[in-house]
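Colleague: Could you take one part of this model and describe it closely for someone who works at the bench? I should like to know how it is built and what surrounds it.

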Amino acid sequence: MRSDGAALIGVYGAALLAVLLWGASPVGTKLALGEVSPLGVMAIRTVAGGLVGLVLALLLGIRLPPTNREVAQVALAGFCGMVAFPTLFSWGMQSTSATHGAMILACMPVTTSAIAYASEGRLPSGLWWIGCAVALGGESLLVFGRGGATDGEATLGGDLLVLSSTLFACGGYVIGGNLQKRGYPARAITFWGAGLSACLLLPLTPWLLGPVDPTLWKTATWMALAYLAFGVTILGYVLW
């Protein structure tokens, strides 16, 4: 019983740290968008983080899953989390505030579990519905309340784009979770999903960045991009 309790604490602790890392990603994205386009932010965070994930997979001797179907699922999970999510998220953050973005991201555990229940054809327990109602009620007050200091930066369109991005990310988590249930390690899904996405985007990166000179970017921009690529894309996903 004691070991089970310690393991449960470890699980929730890792999830909490992942949410905290992701909670700061709207601030990092807003900083990066000051000098980089949304597609550029997506390309840099995915390619840089994904190449690190690919190197880690190779160094640790982590192989792709044995069947083509499972490889396709790893690639799909990576596309959802590493391409679709950061693209929509970056576009949304152009039209909303960092506060709104963080509050919407905080809903991801609820959204992930809802997608998981739906994919399994199961209904959640009554306690789950009560918890979600409390959580989403508080989120709604924080996100859609118009009395805050950040209202001038936030728009409904931006909020909806950020919300749409989380649906892709949560779908990727569920795909990865199903693979893990069949015995494929979670970190393998993260490293290979990120690596395959990076390989897909690497040839397109100059076009996605557009006519810019990265040598002119501020230090804060580079730090924000590094945080998004390594803190969010790699460490955050491994913890989750």
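Modeller: The span expected of a helix is 1.5 Å times one less than its number of residues, a helix being a DSSP run of H or I of at least four residues, numbered from the N terminus. The model is predicted, so local features need pLDDT of at least 70 and side-chain atom pairs count only at pLDDT 80 or more, whereas totals for chains, interfaces and linings use all residues. Residues are numbered from 1 along each chain as its sequence is written, and side-chain values use heavy atoms, with hydrogens and water left out.

The part I have chosen is helix α6, which covers residues 108-120. Its 13 residues should span 18 Å, and because its end C-alpha atoms are 18 Å apart, the two values agree. The buried residues of α6 (under 20% relative accessible area with a 1.4 Å probe, protein chains only) are Met 108, Val 110, Thr 111, Thr 112, Ser 113 and Tyr 117.

Thr 112 deserves particular attention. Its relative accessibility is 11%, which is why it counts as buried. The Thr 112 side chain reaches the backbone oxygen of Met 108 at 2.8 Å. In general, an α-helix has 3.6 residues a turn, so residues three or four places apart point the same way. When neighbours within four places in sequence are set aside, Thr 112 is in contact (heavy atoms within 4.5 Å) with Cys 170, Tyr 173, Val 174 and Trp 240.

Next, the two ends of the helix. After α6 comes Gly 121, whose phi is positive, near 70 degrees. Before Met 108 in the numbering lies Cys 107, which is buried because its relative accessible area is 14%. The closest cysteine sulfur to that of Cys 107 belongs to Cys 132 and is 9.3 Å away, so the pair is too far apart for a bond. The structure holds zero disulfides (pairs of cysteine sulfur atoms within 2.5 Å). Cys 199 is likewise in no disulfide, and its nearest cysteine sulfur, that of Cys 80, is 18 Å away. With a relative accessible area of 43%, Cys 199 is partly exposed.

For comparison, consider helix α4, residues 68-93. Its 26 residues should span 38 Å, and its end C-alpha atoms are 36 Å apart, which agrees. There is also a kink of about 35 degrees in α4, centred on Phe 79; the bend is the angle between axes fitted to the seven residues ending there and the seven starting there.

Definitions and conventions: Buried < 20%, exposed > 50% of the residue type's maximum accessible area, 1.4 Å probe, protein only. Polar contact = N/O pair within 3.5 Å; in protein donor to acceptor, adjacent residues only side chain to side chain.
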